[in-house]
Amino acid sequence: MLDTFLDGDTNAASLDAWCTEKIIVQLSGLTIEVLASTSIATTYVQRLFTPPSNLWNVVRPDAAATGVTTTMRCLALPRAHVSALAEHVRSRGTGTPRPALMHVGAPATWHQMPGGPVLLTDPDAGIAPQLIVRHPDSFTVITCDDTDATMNAARHLREIGYRRAEDDGWVCLHASAATMDGRGILVVGDSGAGKSTLALALAATAKGAFLSNDRTMIAACSGATPQAVAMPGPIRLNGGTLQALGYASAEQWDLTRPQSTKNTDWQNFRGANKLHILPSEWHERTGTPLATTSTVDLVVFPQVIQGSQELHLQAMHPESARELLGAQCMSPGDNIYVSDWLGIRTSSPDDLARKGARVVDALADRPAVSLRFGTRTPYAAVTETVRAAFSSPASSR
């Protein structure tokens, strides 16, 4: 049946009998009905988009599908079946295949089939085989039936929401974010700078809340304080950071996404094999409140120093902040989610670059500080130092 579907002889709606699970997602004004053959896919969608925001929101699972503009069907099959379908597409596709990058580690190729364009993950990429069929008014995602692969539908929905948000004027920053005492703090920097650690420490204060990890969407209107909304995604933490935050037992947590931690470097402060913890899971296990949106009242550029008790904060000049912010602006050139591989955006790269420059300018006008702290520095001291930055002369800019 799937062979005939790919060949254009069977329509996508005929697959609905296999899709016993349903969830409805709203992404920046677009309403998508997700139909899946396994509850793993819909459960992960629900958890990834929790808490909801004005950019990404899951409607009650049992709600009627009103105002649906797009459908995404997700079928999970044994790996051998998915591989066979991929070979069918490679042998029957017409025209010149078009390369695409789903993210920096997921090269893929578009093939033209009678049933619609089909994206295949490259067989030599070391990732699970996957097919995405694009129809005029829907998508069909065919993945392997292991737990991690069935979460792909949620990641593709995030991609759609990401690109629609960019069209609507939102700009992505390589940044984490949290609130403290009702004020929003954007933590900006390269990977390994301490963004996640600092954001979680700030969120754990008495009146704190966690907003986002690694990617944060920012909008800036003339005369208004820039607004931050989380890009849905897991918090990626290694064992050293978890231990420093007081959660050494996190290795035993039952998490949505399985992550091997044995015989890896995950216990190091700079371990590459990190636990992937959704914000909703972090809230459930630590009690840390979650925020959905926040103003940007302070920008912090952290630098964590291994094995040190150092703690030093310094106000930054707007031009220095602007340069660092520009280097971490991911719209339109994200270094992980490299391209708009689904072709969702309607804005040109030049338009997106102009939007990015406006947001960077607005953020550079906010109070900004550089913060050096050590892995052995008590986090209570770190957060109190950040709190003090709000009362410094630089914070009144």
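How many nonpolar, polar and charged residues does the lining of the second largest cavity have? Hold that thought, everyone, while I set the scene.

This is a predicted model, where local features need pLDDT of at least 70, side-chain atom pairs count only at pLDDT 80 or more, and totals for chains, interfaces and linings use all residues. Residues are numbered from 1 along each chain as its sequence is written, and side-chain values use heavy atoms, leaving out hydrogens and water.

A cavity here is a set of points, on a 1 Å grid over the protein atoms alone, where a 1.4 Å probe fits but cannot get out; lining residues have an atom within 4 Å of a point. Points are joined across faces, edges and corners, and a volume is the space filled by probe spheres set on them.

We get 2 cavities of 30 Å³ or more. The largest has a volume of about 180 Å³. Its lining has 19 residues, and the closest to its centre are Thr50, Pro51, Leu211, Ala230 and Pro232. They divide into 13 nonpolar, 6 polar and no charged. For these classes, Ala, Val, Leu, Ile, Met, Phe, Trp, Tyr, Cys and Pro are nonpolar, Asp, Glu, Lys and Arg are charged, and the others, Gly among them, are polar.

Now back to my question. The second largest cavity, with a volume of about 60 Å³, has 4 nonpolar, 2 polar and 4 charged residues in its lining. Please find Arg158, Asp214, Arg215 and Arg236 on your screens, which are among the residues that line the second largest cavity. Tyr337 is another one of them. Thanks, everyone!

Terms used
1 Å grid on protein atoms, 1.4 Å probe; cavity = no way out; pocket = protein on both sides within 12 Å on 5 of 7 lines; lining within 4 Å.
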